[in-house]
Each structure stands twice: as C-alpha cells, then as structure tokens.
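Here is a walk through one protein model, from its interior to its surface. Keep the structure open and follow along.

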Amino acid sequence: MANLALTYSKLGRYREALGLEEQVLKLKKRILGTEHPETLTSMANLALTYSQLGRYREALGLEEQVLKLKKRILGPEHPDTLTSMANLAQTYSHLGRHSEALNLQEQVLNLGKRILGPEHPDTLTSMANLALTYSKLGRYREALGLEEQVLKLKKRILGPEHPGTLTSMDNLAQTYSHLGQHSEALGLKEHVLKLRKRILGPEHPDTLTSMANLAQTYSHLGRHSEALGLKEQELKLSKRILGHEHPETLISMHNLAVTYFNLGRHSEALDSMEHVLELRKKILGLEHPDTLSSQRWVSSLRRPSMDEPAPKRQRRNQDIV
C-alpha cells in the first residue's frame, strides 16, 4: 500500500496517495508502534502529500513531530533526519517563513555534504532547495550560481531527461527570468515543457508548472495574447487536478489577473484579483507574502489612475523535496 501511494504521488495523483497513506499510517501505529522508524516514514510521507495538496499547516504539525522523534530515535545526523529537516524547511517556505527555511536548509546542506557526499542526489536536492529560498529572498545571483552547479551535476548523475534534472532546468530558467534574462529563460522553459509533456504527461502537476512559467515569460516579452491562452488553459487544468483552492491554483489565478491588466481588461483584472485575495486570506493567512502581493495588486487596481506602476507579478518556481 505504501509503495502504491508513492507511485500515485510520483504520477501527481495526490488525492489517491492521501487515502492510502492515511490507511498505512493508522495500521503502522497499531502494529509497529508510534515511534517505529517505519511509522515515522509513513508520517513523513503523509506530511509531504499534505504539502502537495496545499495543506501546509497540517504538513507543518506532522513534520515538526517527525523531526523531533527522528532526532531522538535515529540521531541528529542520520540521513532520514536530514530528509525531515529538509521537508520542514520547505513547509516553512510554503508558509512564507523564508528566513527560518534558509537557516534549516543551510544546516541540511552542510550536513549532507559531510555525511552523504557533495554529489549524492539528496545533497543536490538540498542545494536546489537552498537556491529556491535565495530566490524567494531576492538573492538571485546566489540562486543562479547554485542552480547552474546543480543542473550540471544532475545532467551527469541522473541524466538529461530525469524528472529531477527537468525541475532544475525549470528553476534555473525562473532565475533567468528574475534577472531579466527573458530570452534565455524562454528557450529553457520551452524545452522543459516539451520534455515534461512527453515524459510525465500533459496533466502532471509538474507539466502545469512549466506551462505557468512559460506563460509568464511570454508576458515578460510582451506576448500577452500567447500568455493569456496558456494561462487560461493551465488554470483550467489546475482547478481540475489540484483543486480550486490549492495555493498553486491561486498563483495561476493571480497571474491570469495580471495578464488581464496587461491587455487593458482592468475590470476583469480587479474582479479576479479580489477573488484571489479573499481565498488567500482564508487559506494562507493575512501575512503570507502571496496574500500581501494580491493585496498590493487590488489596491493598485482600485486607483482611479492606472498610469502608476503596478506591483510585480508572481512567478511559480517549483519546489523540490
């Protein structure tokens, strides 16, 4: 059952994975006990699925519990403990707690290099996650250096078409976008989307991320009509596959509203952004960076004059756990 749940997760079928993982955890607690290493693994897997479904607060509670137990039972430097530290850091990031994420990720990377080695796949994941946090904190040059290093290693170790390699390519392309290198970003994003459609399928969540990111680059290049078509297609899929209130779906709704603004459709932009703002307040909280971003947009769109510069649009970097 646990293996089937993991396969569902890899295929992006998170709701099916959730049902199985809840069953597995309940059975393991009863048969093996609440502190058995296999029970902790099931708790960690369930927490990861909560994150993939956008249920970050539920993930946080489980991950904090798992990390505390793993440190005591397995030790603070056991590879499984490092994985739990990394997953908790990603949840901090999802919740907008980027400084806490950064501190934990730097610890994980230093320990991973020493314990697992600098080229171990888990160490590469730690490097990639740290680069994402640098991006979220606006430290794009530091992110760029790490991402280029990670991509080179993943191509050699995992292969050029491994899903992990494609994720690193997509993240590097996003950093190019952050740095205003939109032509370089465009080529990489088109390449990643083509590969993900073939390897993962057209409706896998990672493929949707690539569609959203490519649409953003079309917007940056002033190709707003192409951006609109891709964003509408991606949002429709995201609502069906991830759900209407998933944080990634809300990012897509936010970005589509920005495209309405870019096309001069200000009334639609305002209506859409107000809807996103209300959902984000409910799901993410009033102080989450994404909520504050939508709040700034709503304030800008409500101004009588639209000549004032609008807040920066969001980009949909992908996390790697």
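**Inside, outside and the ties between**

Arginine 280 is buried, with a relative accessible area of 0%. The cut-off for buried is under 20%, so arginine 280 falls within that class. Bear in mind that this is a predicted model. The side chain of arginine 280 meets that of aspartate 290 in a salt bridge, with N to O at 4.0 Å. Arginine 280 sits in helix H14 and aspartate 290 in helix H15, so the pair ties together parts that are ten residues apart in sequence.

Now look at the other salt bridges. The count comes to 17. One of them joins arginine 198 and glutamate 161, at 2.9 Å from N to O. Arginine 198 lies in helix H10, while glutamate 161 lies in the loop between helix H8 (140-157) and helix H9 (163-178). The pair therefore ties together parts that are 37 residues apart in sequence. Arginine 198 counts as exposed, at 53% relative accessibility. Its partner glutamate 161 counts as partly exposed, at 39%. Another salt bridge links glutamate 268 to arginine 265, and here the closest N and O atoms are 2.7 Å apart. Glutamate 268 is partly exposed, with a relative accessible area of 35%. Arginine 265 is partly exposed too, at 29%.

Turn next to the nonpolar interior. In soluble globular proteins, nonpolar side chains tend to be buried together. Which residues of the largest nonpolar core touch the most other members? They are Met85, Met273 and Leu301, in a core of 34 residues. Several helices give two or more residues to this core: H4 (56-73), H5 (79-94), H6 (98-115), H12 (224-241), H13 (247-262), H14 (266-283) and H15 (289-301). Pick out methionine 85. Leaving aside neighbours within four places in sequence, methionine 85 is in contact with Leu67, Leu104, Gln107, Val108 and Leu111. Apart from this core lies another, of 26 residues. Its members include Leu40, Ala44, Leu46 and Val66.

Polar side chains are found in the interior as well. Glutamine 90 is in helix H5 and counts as buried, at 2% relative accessibility. What does the side chain of glutamine 90 join in a polar contact of 2.6 Å? The partner is the side chain of glutamine 105. Asparagine 213 offers a second case. This residue lies in helix H11 (residues 205-220). Asparagine 213 is buried, with a relative accessible area of 0%. A polar contact of 3.0 Å joins its side chain to that of aspartate 170.

Move on to leucine 188, in helix H10 (residues 182-199). Is leucine 188 buried or exposed? At 17% relative accessibility, it counts as buried, because the cut-off is under 20%. Beyond neighbours within four places in sequence, leucine 188 is in contact with Met169, Leu172, Ala173 and Tyr176. Measure out to glutamate 148 on your screen. The two residues are 40 apart in sequence and 13 Å apart in space, C-alpha to C-alpha.

Glycine 96 brings together residues from distant parts of the sequence. Glycine 96 sits in the loop between H5 and H6. It is partly exposed, with a relative accessible area of 21%. Glycine 96 and proline 289 are 193 residues apart in sequence, but 5.9 Å apart in space, C-alpha to C-alpha. Not counting residues up to four places away in sequence, glycine 96 touches His288 and Pro289.

Glutamine 65 gives another such pair. It is found in helix H4 and counts as partly exposed, at 41% relative accessibility. Glutamine 65 and methionine 43 are 22 residues apart in sequence and 9.0 Å apart in space, C-alpha to C-alpha.

Finish on the surface. Isoleucine 31 has its place in helix H2 (residues 14-31). At 59% relative accessibility, isoleucine 31 counts as exposed. Which residues make the nonpolar surface patch of about 360 Å²? Isoleucine 31 is one of them, along with Met1, Leu27 and Leu32.

Terms used: Residues are numbered from 1 along each chain as its sequence is written. This is a predicted model: local features need pLDDT of at least 70, side-chain atom pairs count only at pLDDT 80 or more; totals for chains, interfaces and linings use all residues. Side-chain values use heavy atoms; hydrogens and water are left out. Helices (H or I, at least four residues) and strands (E, at least two) are DSSP runs, numbered from the N terminus. Buried means under 20% relative accessible area, exposed over 50%, partly exposed in between (1.4 Å probe, protein chains only). A polar contact is a pair of N or O atoms within 3.5 Å; within protein, one must be able to donate a hydrogen and the other to accept it, and residues adjacent in sequence count only if both atoms are side-chain atoms. Patches are made of residues with over 30% relative accessible area and no salt bridge: like charges are joined within 9 Å, nonpolar side chains (Val, Leu, Ile, Met, Phe, Trp, Tyr) within 5 Å. Accessible areas come from the Shrake-Rupley method with a 1.4 Å probe; for residues, only the protein chains shown count as cover. A nonpolar core is a set of buried Ala, Val, Leu, Ile, Met, Phe, Trp, Tyr and Cys residues joined through side-chain atoms within 4.5 Å. Contact means heavy atoms within 4.5 Å.
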